[in-house]
Amino acid sequence: MGATRIERVVPAHVEQLAELFDLVGAVAAEVALPDDRRGVVDLVVEEAFVNLCRHAYRGRDDGAVGVLITGRAGELEVELRDSGPEYNPVEQAPRPDLTLGVEARKPGGLGVELMRRMTDELRYRRDGGENVLAMVFRWPRSA
Amino acid sequence: MEMSTREERGFTVIATAGRVDTVTAPKFEAYCVAAIDAGARKLVLDFSQVAYISSAGLSSVLGVAKHAGHAGGTFAISGLSGMVREIFAISGFDTIVPVKADLEEALGSV
């Protein structure tokens with residue numbers, strides 16, 4: 001099985017999520033991502049994309065997100081690229097207290113924590129005035 | 001995402017099917033809040049047909065739990081499976097909202 005790759009630019013609107021899930025699904029099918037991992041990949045992509053829509057492009061309606069999805073045997077990588085202010089969610093996002101009860105929990109704060117926990121690798125880099133976040137998922141290869 | 005409500009053994013059972021994500025979560029929460037505001041006090045959320053949830057969905061579940069509590073009602077969620085159960089566990093949500101294995105357990109204990 002060779003490497004497969006999809007590259008797109010999508011508007012930074014949460015309504016684009018379905019399109020994003022379709023793109024991920026196309027590569028996931030090519031590289032035989034196990035069915036029971038698919039939901040987790042969608043989750044991480046959703047959290048990252050929604051954060052860009054809401055924060056990187058806060059107050060703007062014209063933001064765009066570069067999407068690069070690459071797959072090979074046993075590995076799927078989704079890279080999202082935005083031109084918002086420099087922000088490294090891997091290091092800068094606050095870590096929520098996951099032990100608090102119902103009344104003490106605040107909405108939000110959970111997304112980046114789920115991204116940290118559900119990826120095999122989460123990498124940030126600043127590249128040519130853009131934020132680039134790479135989310136990597138690995139699974140055992142079948143023979 | 002599809003939602004429906006039925007009364008069963010004195011409980012209001014709200015069944016959700018599909019994906020509770022950033023786009024659908026506000027509709028999910030509004031639907032449940034409307035049921036509570038219409039008088040539902042023993043609420044069970046049947047999640048056995050929910051295949052996917054994100055943090056937006058978790059936040060909505062939290063919103064429903066708080067709203068039910070403030071209205072003086074009880075609340076439970078049942079039938080978590082697959083990645084939904086995994087995300088409830090990792091986020092700690094399975095310890096802050098009452099999670100029941102299935103509808104039978106929920107209707108027997110809320």
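## The β2–β3 pair and its sheet

Arg19(B) sits opposite Tyr52(B), a residue of β3(B). This is a predicted model, and in it strand β2, residues 11-20 of chain B, runs parallel to β3(B), with 8 bridges joining the two. On the β1 side the sense is antiparallel: β1(B) and β2(B) share 7 bridges. One pairing to look up there is Ser4(B), which has Ala15(B) in β2(B) as its bridge partner. The β1–β2 connection is a hairpin with 2 residues between the strands, and Arg9(B) takes a positive phi near 50° in it.

Zooming out, chain B has an open sheet of 5 strands with mixed pairing, in the order β1-β2-β3-β4-β5. The edges are β1 (2-8) and β5 (99-100) of chain B, each of which pairs on one side only. β1(B) is also hardly covered: among its 7 residues, the count of buried ones is 0.

## Helices on the chain B sheet

α2(B) lies across β2, β3 and β4 (74-78) of chain B, and its direction makes an angle of about 150° with β4(B).

Then there's α3(B), where the buried residues are Met83(B), Val84(B), Ile87(B), Phe88(B) and Ser91(B). They span an arc of only 140° around the axis, so they end up on the same side of α3(B). What do these buried residues pack against? From chain A, α3(B) meets α2 (35-56) and α4 (110-118), and from its own chain β3, α2, α4 (93-96) and β5. Right after α3(B) comes Gly92(B), with a positive phi near 80°.

## Val97(B), a buried loop residue

Val97(B) belongs to the loop between α4 and β5 of chain B. Is Val97(B) buried or exposed? Val97(B) has 21 C-beta neighbours inside 10 Å, and the cut-off for buried is 20 or more, so Val97(B) counts as buried.

Setting aside neighbours within four places in sequence, the contacts of Val97(B) are Val61(B), Ala65(B), Phe75(B) and Ile77(B), plus Val102(A) from the other chain. For a distance to check in your viewer, try Val97(B) and Gly69(B): they are 28 residues apart along the chain, and their C-alpha atoms are separated by 11 Å.

## Where the chains meet

The contact between the chains involves 23 residues of chain A and 21 residues of chain B. On the chain B side, the elements giving two or more residues are β3 (42-53), α2 (55-70) and α3 (82-91). Which element gives the most to the side of chain B that touches chain A? That's α2(B), with 7 residues. By residue type, the chain B side splits into 11 nonpolar, 8 polar and 2 charged.

## Chain A at a glance

Chain A has 4 helices and 5 strands. Read from the N terminus, its elements go β-α-α-β-β-α-α-β-β. The C-alpha trace of chain A spans about 45 × 35 × 25 Å along its principal axes.

How does that sit with a compact globule? For 143 residues, such a globule would have a radius of gyration near 15 Å, and chain A agrees because its own value is 15 Å. Of the 143 residues of chain A, 34% count as buried. Counting contacts in chain A with a separation of 6 or more, 69% come from residues 24 or more positions apart.

Notes:
Residues are numbered from 1 along each chain as its sequence is written. Chains are lettered from A and ligands numbered from 1 in the order in which they are written. This is a predicted model: local features need pLDDT of at least 70, side-chain atom pairs count only at pLDDT 80 or more; totals for chains, interfaces and linings use all residues. Two residues are in contact if their C-beta atoms, placed from the backbone, lie within 7 Å. Ala, Val, Leu, Ile, Met, Phe, Trp, Tyr, Cys and Pro count as nonpolar, Asp, Glu, Lys and Arg as charged, and the others, Gly among them, as polar. Two strands pair if DSSP finds at least two bridges between them. Axes are lines fitted to C-alpha atoms, for helices over the stretch in contact, and angles run from 0 to 180 degrees between N-to-C directions. The radius of gyration is taken over C-alpha atoms; the globule rule is 2.2 Å times the number of residues to the power 0.38. A residue is buried if 20 or more other C-beta atoms lie within 10 Å of its own, exposed if 12 or fewer, and partly exposed in between; C-beta atoms are placed from the backbone. The arc is that of the directions from the helix axis to the C-beta atoms.
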